[in-house]
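I set aside this page for a look through one model. My notes follow in the order I made them.

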Amino acid sequence: MRKIYLVGFMGCGKSAIGRRLSFFLKMPYYDMDHEIVRQQGMTIPEIFEKYGEAHFRKIETEFLKNFRDEACIIATGGGVAVNEENRRIMRQTGLVFFLDAKFEDIYMRIRNDKNRPIVQSSSEQELENLYHQRRRSYRLAGHIQVLTAGRTLRQIVEYIGFQVKRLKGE
């Protein structure tokens with residue numbers, strides 16, 4: 001089995017679903033942002049502040065190109081799918097699930113998160129505009145769209161697990 005990528009807007013549940021999916025499918029799980037923090041030795045807000053967003057986006061692309069050659073689950077950062085090269089890499093090296101959550105649900109989760117530089121420097125309206133801008137990129141990246149509204153984490157994990165097993169022919 002190739003890599004499983006989870007894409008979607010910040011706060012859509014990529015990390016929570018990725019961790020649970022890891023147990024469900026018995027595959028290692030990695031959070032891309034956490035791995036980048038570990039590799040770079042600084043937090044994402046520090047990377048943004050010191051080097052800027054463009055540099056951070058280059059780090060994300062390098063991560064996708066060079067990260068472990070193993071079957072695993074990767075929760076990507078919210079902006080990864082905006083880059084066409086990143087979408088191509090993910091689609092070629094794995095199965096991409098777009099976790100499609102409603103903005104209202106997302107905003108309730110992220111509005112007070114100090115580890116999200118974009119949230120701290122944006123109004124609710126600016127975040128909603130960004131959400132709508134990025135949705136097209138998520139749809140282009142994703143092989144399978146997963147509607148999350150009204151579903152429990154367990155239901156979402158079971159659905160993704162079912163799709164993975166179906167595509168593996170199990």
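I began at G52, just after α3, and read off a positive phi of about 95° there. I should record at once that this is a predicted model.

From G52 I stepped back into α3 itself, residues 44–51. Which residues of this helix are buried? I found I44, I47 and F48. Seen down the axis of α3, these buried residues fall within an arc of 100°, so they line one face of the helix. I noted the general rule as well: an α-helix has 3.6 residues a turn, so residues three or four places apart point the same way. On the other side of α3, I found E49 and K50 exposed.

Next I asked what the buried residues of α3 pack against. I listed three partners: α2 (32–40), α4 (53–66) and α7 (117–120).

Then I turned to the pockets. I read a volume of about 690 Å³ for the largest one. The elements giving two or more residues to its lining are α1 (14–25), α2, α3, α4 and α7. Which of them gives the most? It is α1, with four residues. The lining has 31 residues in total, and I marked M10, D33, I44, N115 and R116 as lying nearest the centre. I44 is also one of the buried residues of α3. I sorted the lining by class and got eleven nonpolar, ten polar and ten charged residues.

I checked for closed space too. How many cavities of 30 Å³ or more are there? I counted one. Its volume is about 30 Å³. I wrote down the lining: F9, C12, F98, L99, D100, A101, I106, Y131, R135 and Y138. Two elements, β4 (94–100) and α8 (124–141), each supply at least two of these residues. By class, the cavity lining splits into eight nonpolar and two charged residues, with no polar ones.

L99 of that lining led me on to the strands, where L99 stands opposite V146 in β5. I looked up the pairing: β4 and β5 run parallel, joined by four bridges.

Last, I followed the side chains along β5, residues 144–147. I144 and V146 point to one face and are buried. Q145 and L147 point to the other face and are not buried. I set the general pattern beside this: in a regular strand the side chains alternate between the two faces of the sheet.

Key
Residues are numbered from 1 along each chain as its sequence is written. This is a predicted model: local features need pLDDT of at least 70, side-chain atom pairs count only at pLDDT 80 or more; totals for chains, interfaces and linings use all residues. Side-chain values use heavy atoms; hydrogens and water are left out. On a 1 Å grid over the protein atoms alone, a cavity is a set of points where a 1.4 Å probe fits but cannot get out, and a pocket is an open set with protein on both sides within 12 Å along at least five of seven lines; lining residues have an atom within 4 Å of a point. Grid points are joined across faces, edges and corners, and a volume is the space filled by probe spheres set on the points. Ala, Val, Leu, Ile, Met, Phe, Trp, Tyr, Cys and Pro count as nonpolar, Asp, Glu, Lys and Arg as charged, and the others, Gly among them, as polar. Buried means under 20% relative accessible area, exposed over 50%, partly exposed in between (1.4 Å probe, protein chains only). Two strands pair if DSSP finds at least two bridges between them. The arc is that of the directions from the helix axis to the C-beta atoms. Contact means heavy atoms within 4.5 Å.
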